[in-house]
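Please walk me through this model in a viewer, one selection at a time. For each stop, tell me what to select and what is found there.

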Amino acid sequence: MIIVLRTDATEKQIIRIRAKIAGAGLTPHISKGVERTIMMVVGDERVLDQAGMETMPGVDRVMSVLPPYKLASRDFKPEDTIIKVRGVSIGGKKLCVMAGPCSVESEKQLISVAKKVKKGGANILRGGAFKPRTSPYAFQGMGEDGLKILAAAREATGLPIVTEVMDTRTIALISKYADILQVGARNMQNFELLKEIGEYKIPVLLKRGLSSTIKEWLMSAEYIMSRGNHQVIMCERGIRTFEDSTRNTLDLSAVSVVKHLSHLPVIVDPSHGTGKWRWAIPMSKAAVAGGADGLMLEVHEKPEEALSDGDQSLLPEKFAKLIKELKPIAKAVGRAI
Ligand code: PEP
Ligand code: MN
């Protein structure tokens, strides 16, 4: 942290500022220039509140040197994090492909589509049992029955399962079934949920909030990690912009930015990112070309009858074709799928 003092800062004010810094266990170093006096703070500045320091008499401006997140940052851990789930690696050379329906609707539906996505190249099965719906009258998910069906689909296919958790009250239940806990976009800043999930040892898929900056998204990862759960997978799923031709605006540049700032794996969800299966196909290709560690795609055998997100769900044949087409793209960027 660099603190620029006011030109009229008094000795007494400077003593108070130094004492505040020392009280936080950090070391202040003063550099007196001709025009300005600057205080450099040595130590982990994250323990000091920047806005609070700025309000101190004698302070003109405060500039942070470190990002506000620590455990999630590449400075803290330079090498890529690879998360292993039942033999599937997320973040390594081989890309992960999470696929399946938006919602678990019945055992017949899920087992059938699970077998098809596996055949088509998925290595993780997705499906929501607790659904965050805009309308309280829309299908809310099958709840625990849906979790049991997910477990049966894992049994039938060997695919690990990822499913959403929306509430602190259901984490214990969902973690009995899930291999990866999904935190949805709407809950990215549900800090109580993040803290509680941080107490578990299960990998977490952290979706980017609808209107969240990359810094806020990384701070949410930090919430989970600061409680001891370091297995966080970041998922870019589009953000709200003025554009209304697509459901969201898929921010593919976020992949490069997050991978630069953080060691955590980053995957892309072009289904929610675009809202239409048609656009999910080219955006999957762009995501792989752009360095994503994997994809999350919604797949349904009868999209017109889906209880949620049919518009953006690929037919299994289209999914399988896409995975084939992704192979040379992955190879060109030094990855495999
Ligand atoms: C989902 O994965 O079905 C979902 C609701 O995603 P998001 O939180 O990204 O909207
Ligand atoms: Mn969905």
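Start with Lys 207 and ligand 1: a polar atom in the Lys 207 side chain is 2.9 Å from a ligand oxygen. This is a predicted model, and every distance on the tour is computed from it.

Add Arg 186 to the selection. An N or O atom of the Arg 186 side chain lies 2.9 Å from an oxygen atom of ligand 1. Then add Gln 182, where a polar side-chain atom is again 2.9 Å from an oxygen of ligand 1. With these residues displayed, turn on the surface: ligand 1 alone exposes 300 Å², and the protein buries 97% of that.

Next, select the full shell around ligand 1, which has 13 residues. The closest are Arg 126, Ala 185, Arg 186, Lys 207 and Arg 237. Colour the shell by class to find 7 charged, 3 polar and 3 nonpolar residues. If you display pockets, the largest is the space that ligand 1 takes up.

Leave the ligand and look for aromatic pairs; the count is 1. Select Phe 191 and Tyr 223: their rings are stacked, with 4.6 Å between centres and 25° between planes. Extend the selection to helix H6 (residues 191–197), which holds Phe 191, and helix H7 (residues 214–226), which holds Tyr 223. The pair links distant parts of the chain, 32 residues apart.

Definitions and conventions:
Residues numbered from 1 in each chain as written. Chains lettered and ligands numbered in written order. Predicted model: local features only at pLDDT ≥ 70, side-chain atom pairs only at ≥ 80, totals over all residues. Heavy atoms only, no water. Near = heavy atom within 4 Å. Polar contact = N/O pair within 3.5 Å; in protein donor to acceptor, adjacent residues only side chain to side chain. Areas by Shrake-Rupley, 256 points an atom, 1.4 Å probe, with all protein chains shown as cover. 1 Å grid on protein atoms, 1.4 Å probe; cavity = no way out; pocket = protein on both sides within 12 Å on 5 of 7 lines; lining within 4 Å. Sits in = over half its atoms within 2 Å of the grid points. Nonpolar A, V, L, I, M, F, W, Y, C, P; charged D, E, K, R; others polar. Phe/Tyr/Trp six-rings, centres within 6.5 Å; stacked < 30°, edge-to-face > 60°. Helix = DSSP H or I, 4+ residues; strand = E, 2+ residues; numbered from the N terminus.
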